Amino acid sequence: MIESERIQQSNEARRAAHRQDAEHLRTRLAERKLDFEQVVEQIRTFEVAIPSWALGTGGTRFGRFPGPGEPRDIYEKMEDVSVVNRLTGAAPRVSLHVPWDEPDDAQALVKHAGQLGLGFDAVNSNTFQDQTGQALSYKFGSLGHTDAAVREQAIAHNLHVIELGQRLGSSAITIWLADGSNYPGQTHFRRSFERVLASLQTIYAHLPDGWQLFTEHKPYEPAFYSTVVQDWGSSLMLAQALGERASCLVDLGHHLPNTNVEMVVARLITAGKLGGFHFNDSKYGDDDLTTGSIRPYQLFLIFNELVDAGLELGAAFKPAYMIDQSHNLKDPIEALLQSVVALQNGYARALLVDRARLAEYQEANDVIMAERVLTEAYETDVRSLTAEARLRGNGALDPTGAFRDSGYRNGVARVRTASAYVPPKSL
Ligand code: LRH
Ligand code: MN
């Protein structure tokens, strides 16, 4: 873990500049009838789940370049997540992928998580890879496979993931399917969709009380001609057919170039079916890059839709916020810290939108002034707002800076040598 003193030292070095920035912004916001304190308190309510599969170095089919001190199992991954939570105060839950990070002892993992101040968000099933010893292959699909036995196997896996999730204290499952085709004629579009729906209905019927099921759409990869759950429309059709505890998960990278993702979000909100997010960023395809690193304005526009809906729908409107990234070149913890801060900043800017003035200009079709209301918020330097929110949560003014200052990575690189992981005595 990173000692509090280290965080305080890092904050001390940055406190004077932060104070100046915060006072300056407090004055500017007051001129816009916005209350610095009130916005800080709202930012402190923002939380995002960290994906268990993003703590190690990812890779592509062209190669993987592991870094020093990689976590060797889910226990060490939890320790790394607790560092992200400690420095940002906004990442108290882990989203687990099964079987990639299936614990050998769920109860022991829950205890370990508890000692680190962490819990579990949605669990993720995996019927897009064949596991050793698996009876039937998912080469030609899973919940949508033409062979009922393969569908049964995939359904059983999802029920196993839900059962494990219950033992971890999770209350949602995210189902992303690679099911699709590479060539015209290979699959029947309507039959394969109906098979997926029927399989999901079986899984939905086994959802424990209080649980939710998130369907995640993706246009292509690994299928390169058609994907059964290809777009938000297909995902919405499934969620509507399944029932009220099914909703749509929006992975920002799962949209074809130039898709207006913030409008997809608005449509799903109107349908009452926006279940959650996999935040990341991308330039071309499903690049799984650091959130806010390529299209920060799109991230702001998405939060603008979320804040707007939240004001209308109240506390009941609570989409699940999760990150889904793959770190090929960056230190995974540093990239996750950047992502959480980018999300806090995106949310903070959306909180500064003068919605009364915006509605006025929209009704009046005053294009320029309506746009200026958004850009005024977007172009506000909110970093002292989110830094203050982290400071009040005993976090870091500059999480990435504090992480570097802490020497945590070198520290774990020393202990995470090849030898097997030795659980801490207390477990
Ligand atoms: C598919 C996806 C899905 C996960 C996987 C790790 O591209 O976004 O959410 O199961 O990445
Ligand atoms: Mn995803």
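How far is an oxygen atom of ligand 1 from an N or O atom in the side chain of His254? In this predicted model, the separation is 3.2 Å. That contact is a good place to start a walk through the structure, with the ligand site as the opening stop.

His254 has company around the ligand. Lys218 places a polar side-chain atom 2.9 Å from an oxygen atom of ligand 1, and for Asp324 the corresponding distance to a ligand oxygen atom is 2.7 Å. On its own, ligand 1 has 300 Å² of accessible area, and the protein covers 91% of this. If you look for the ligand among the pockets, go to the largest one, since that is the space ligand 1 takes.

Now let your view widen to the whole shell. Aromatic names come up several times: Trp53, Trp100, Phe128 and Trp176 are among the residues surrounding ligand 1. The histidines His97, His254 and His278 belong to the shell too, as do Glu216, Lys218, Asp251, Asp286 and Asp324. Sorted by character, the shell holds four nonpolar, three polar and five charged residues.

From the ligand, we can turn to a piece of the backbone framework. Strands in a sheet are paired by hydrogen bonds of the backbone, in either a parallel or an antiparallel manner. Here, an open sheet is built from three strands in the order β1-β2-β3, with parallel pairing. β1 (50-51) and β3 (119-120) are the edge strands, each with a single partner, so each has one side without a neighbour in the sheet. Between β1 and β2 (residues 93-95), which run parallel, there are two bridges. To find your bearings at this pairing, look for Ile50, which stands opposite Val94 in β2.

A few backbone details deserve a visit as well. Val98 and Pro99 are joined by a cis peptide bond with omega of about 15°, and Pro99 sits in the loop between β2 and α4 (106-115). Another cis peptide bond runs from Glu221 to Pro222, where omega is near 10°. Pro222 belongs to the loop between β7 (212-216) and β8 (226-227).

The last stop is Asn365. This residue is not a glycine, yet its phi is positive, at about 55°. You will find Asn365 in the loop that lies between α11 (355-363) and α12 (367-378).

How values were computed. Residues numbered from 1 in each chain as written. Chains lettered and ligands numbered in written order. Predicted model: local features only at pLDDT ≥ 70, side-chain atom pairs only at ≥ 80, totals over all residues. Heavy atoms only, no water. Near = heavy atom within 4 Å. Polar contact = N/O pair within 3.5 Å; in protein donor to acceptor, adjacent residues only side chain to side chain. Areas by Shrake-Rupley, 256 points an atom, 1.4 Å probe, with all protein chains shown as cover. 1 Å grid on protein atoms, 1.4 Å probe; cavity = no way out; pocket = protein on both sides within 12 Å on 5 of 7 lines; lining within 4 Å. Sits in = over half its atoms within 2 Å of the grid points. Nonpolar A, V, L, I, M, F, W, Y, C, P; charged D, E, K, R; others polar. Pairing = 2+ DSSP bridges. Helix = DSSP H or I, 4+ residues; strand = E, 2+ residues; numbered from the N terminus.
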